[in-house]
Amino acid sequence: MGGEVGFTSTVGKGSTFWVEFPATQAIEQKVAAAEKHQDRLRDMDRSSNRAMVLYIEDNISNLDFLKEVVRRMGNVNFISAPTAELGLSLAEERQPDLILMDINLPGMDGYEAMKALGSNDRTKDIPVIAVSAAAMKSDIEKGASAGFEEYLSKPFNVSEIIETIDRYLNADGS
Ligand code: MN
């Protein structure tokens, strides 16, 4: 059976026999595995409590770039959508803490998407930042009146984008 048997003796009290079977070890392994599973669940829980950024952008290079920037921030989950239509349903479903919105998108553009987010109870309180290559004073003013919190110009300034994301994610204590 591969188990071990032994005994200890104490004068006047008799002997205690102990037996250890492989079955005991199997139970210990199961307990250890269960504990490991618990740890993993706790980690998942922790990561689901992490702040989340949604980036709605149809340009792959911009998407990849920002994804890398956010990944390096270390404690932020990043999700993205290549169209406003998909972005709106992702925002409603996943409830990100911050949305970065490209203005020039195929189909619905960033302004229409902003309007849709603002008229949906499930998304109206999520801060939205416009990101666009068109960043003249008139664009920025138009963005502000459309309800965008800020207006970032492309190509990205890395420290500006990190500082901005950080500011919004820390604003609600998350
Ligand atoms: Mn675009």
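## Helix H4 and its buried side

In this predicted model, helix H4 spans residues 110–118, and its buried residues are Gly110, Tyr111, Ala113, Met114 and Leu117. These residues cover an arc of only 160 degrees around the axis, which puts them on the same side of H4. The elements that cover the buried residues of H4 include H3 and E5, together with strand E6 (128–132), helix H5 (137–146) and E7.

Two side chains can be picked out around Tyr111, which is itself among the buried residues of H4. At the start of the helix, a side-chain oxygen of Asp109 comes to within 3.0 Å of the backbone nitrogen of Tyr111. The ring of Tyr111, in turn, has the charged end of Lys142 sitting over it, at 4.2 Å from the ring centre.

## Helix H3 and the turn that follows

Helix H3 is one of the elements that cover the buried residues of H4, and H3 has buried residues of its own, namely Ala84, Gly87, Leu88, Leu90 and Ala91. Seen down the axis of H3, these buried residues fall within an arc of 165 degrees, so they line one face of the helix. The partners against which they pack are the strands E3, E4 and E5 and the helix H4.

Just after H3 comes Gln95, which takes a positive phi of about 50 degrees although Gln95 is not a glycine. This residue belongs to the loop that runs between helix H3 (84–94) and strand E5 (98–102). Is Gln95 buried, partly exposed or exposed? With a relative accessibility of 35%, Gln95 counts as partly exposed.

## Aromatic pairs around Phe78

The count of aromatic pairs comes to four. One of them joins Tyr55 and Phe78 in an edge-to-face arrangement, with 6.5 Å from centre to centre and 65 degrees between the planes. Tyr55 lies in strand E3 (residues 51–56) and Phe78 in strand E4 (residues 76–81), so the pair ties together parts that are 23 residues apart in sequence. Both Tyr55 and Phe78 are buried, and ring pairs link these two residues with Phe65 and Phe156 into a cluster.

The surroundings of Phe78 extend beyond the rings. When residues up to four places away in sequence are not counted, Phe78 touches Val53, Tyr55, Leu63, Leu66, Lys67 and Val70. For Leu66, which is 12 residues from Phe78 along the chain, the C-alpha atoms of the two residues are separated by 9.0 Å.

## The manganese site

Which residues coordinate the manganese ion? The donors are Asp58 (OD), Asp102 (OD) and Asn104 (O), and they lie at 2.0 to 2.2 Å. Along the sequence these donor residues follow the spacing D-x43-D-x1-N.

Two of the donor residues can be described by their accessibility. Asp102 is buried, with a relative accessible area of 3%, whereas Asn104, at 62% relative accessibility, counts as exposed.

## Strand E7, helix H6 and the loop between them

Strand E7 (150–153) and helix H6 (158–171) are connected by a loop in which Pro155 lies. The peptide bond that leads from Lys154 to Pro155 is cis, and its omega is near 0 degrees.

Within helix H6 is Thr164, a residue that counts as buried at 2% relative accessibility. Leaving aside the neighbours of Thr164 within four places in sequence, its contacts are with Ile129, Glu150 and Leu152.

## The chain as a whole

The elements described above belong to a chain with six helices and seven strands. Read from the N terminus on, these elements run in the order β-β-α-β-α-β-α-β-α-β-α-β-α.

Of the 174 residues in the chain, buried residues make up 33%. Among the contacts between residues at least 6 apart in sequence, 59% join residues that are at least 24 apart.

How values were computed. Residues are numbered from 1 along each chain as its sequence is written. This is a predicted model: local features need pLDDT of at least 70, side-chain atom pairs count only at pLDDT 80 or more; totals for chains, interfaces and linings use all residues. Side-chain values use heavy atoms; hydrogens and water are left out. Rings of Phe, Tyr and Trp (its six-membered ring) pair if their centres lie within 6.5 Å; planes under 30 degrees apart count as stacked, over 60 as edge-to-face and the rest as tilted. Helices (H or I, at least four residues) and strands (E, at least two) are DSSP runs, numbered from the N terminus. Buried means under 20% relative accessible area, exposed over 50%, partly exposed in between (1.4 Å probe, protein chains only). A charge sits over a ring if NZ of Lys or CZ of Arg is within 6 Å of the ring centre and within 35 degrees of the ring normal. Donors are N, O and S atoms within 2.8 Å of the metal (3.2 Å for Na, K and Ca); water is not among the atoms, so sites may look incomplete. Contact means heavy atoms within 4.5 Å. The arc is that of the directions from the helix axis to the C-beta atoms. A polar contact is a pair of N or O atoms within 3.5 Å; within protein, one must be able to donate a hydrogen and the other to accept it, and residues adjacent in sequence count only if both atoms are side-chain atoms.
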